[in-house]
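Here is a quick tour of a protein fold, written for someone who would rather be at the bench. Keep the viewer open while you read.

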Amino acid sequence: MLVFGERDDAEKVAETLGEWFPELGEPRVVRETLAGEDDAEDAQWLVVVEGLDESRLTKVDELVERYEGWRESG
């Protein structure tokens, strides 16, 4: 799971990952509101991608960093 503060960033990363790894299918972009948050603008955007093996994670991490996001397992 990749986490971003901005929807546009999440969508760009999802599109790029879909191009890089077409065998994994198109990653989903979903909005996650943090528990207890009163302000919906504080919601994070997630890119859900499954099936990435360890050999691809370095490349993915570099892409995520460019868009000021991070990767979480889960």
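What follows covers the sheet, the core and one odd loop residue.

A word on ground rules: this is a predicted model, so local features need pLDDT of at least 70 and side-chain atom pairs count only at pLDDT 80 or more, while totals for chains, interfaces and linings use all residues. Residues are numbered from 1 along each chain as its sequence is written, and side-chain values use heavy atoms, with hydrogens and water left out.

**The sheet**

Let's start with the strands. Helices (H or I, at least four residues) and strands (E, at least two) are DSSP runs, numbered from the N terminus. Two strands pair if DSSP finds at least two bridges between them. On that basis there is an open sheet of four strands, in the order β2-β3-β1-β4, with antiparallel pairing. At the edges sit β2 (28-32) and β4 (70-71), each pairing on one side only. Here are the pairings:

| Strands | Bridges | Residues opposite each other |
|---|---|---|
| β2 and β3 | five bridges | R31 and W45 |
| β1 and β3 | three bridges | V3 and L46 |
| β1 and β4 | two bridges | V3 and W70 |

V3 therefore shows up twice, facing L46 in β3 and W70 in β4. 

How much of β3 is covered? Five of its five residues are buried, where buried means under 20% relative accessible area, exposed over 50%, and partly exposed in between (1.4 Å probe, protein chains only). Q44, L46 and V48 point one way from β3, with W45 and V47 pointing the other way.

**The core**

A nonpolar core is a set of buried Ala, Val, Leu, Ile, Met, Phe, Trp, Tyr and Cys residues joined through side-chain atoms within 4.5 Å. The largest one here has 13 residues, and L2, F4, V13, L17, V47 and V60 touch the most other members. Two or more residues each come from β1, α1 (7-20), β3 (44-48) and α2 (54-66), and α1 gives the largest share, four residues.

V60 is a good one to click on. Leaving aside residues up to four places away in sequence, V60 touches L2, L17, F21 and L52; contact means heavy atoms within 4.5 Å. V60 is also one of the buried residues of α2, alongside L57, L63 and V64. What covers them includes β1, α1 and β4.

**The odd one out in the loop**

Finally, look at E68, in the loop between α2 and β4. E68 has a positive phi of about 55° although it is not a glycine. Is E68 buried or exposed? E68 is exposed, with a relative accessible area of 69%.
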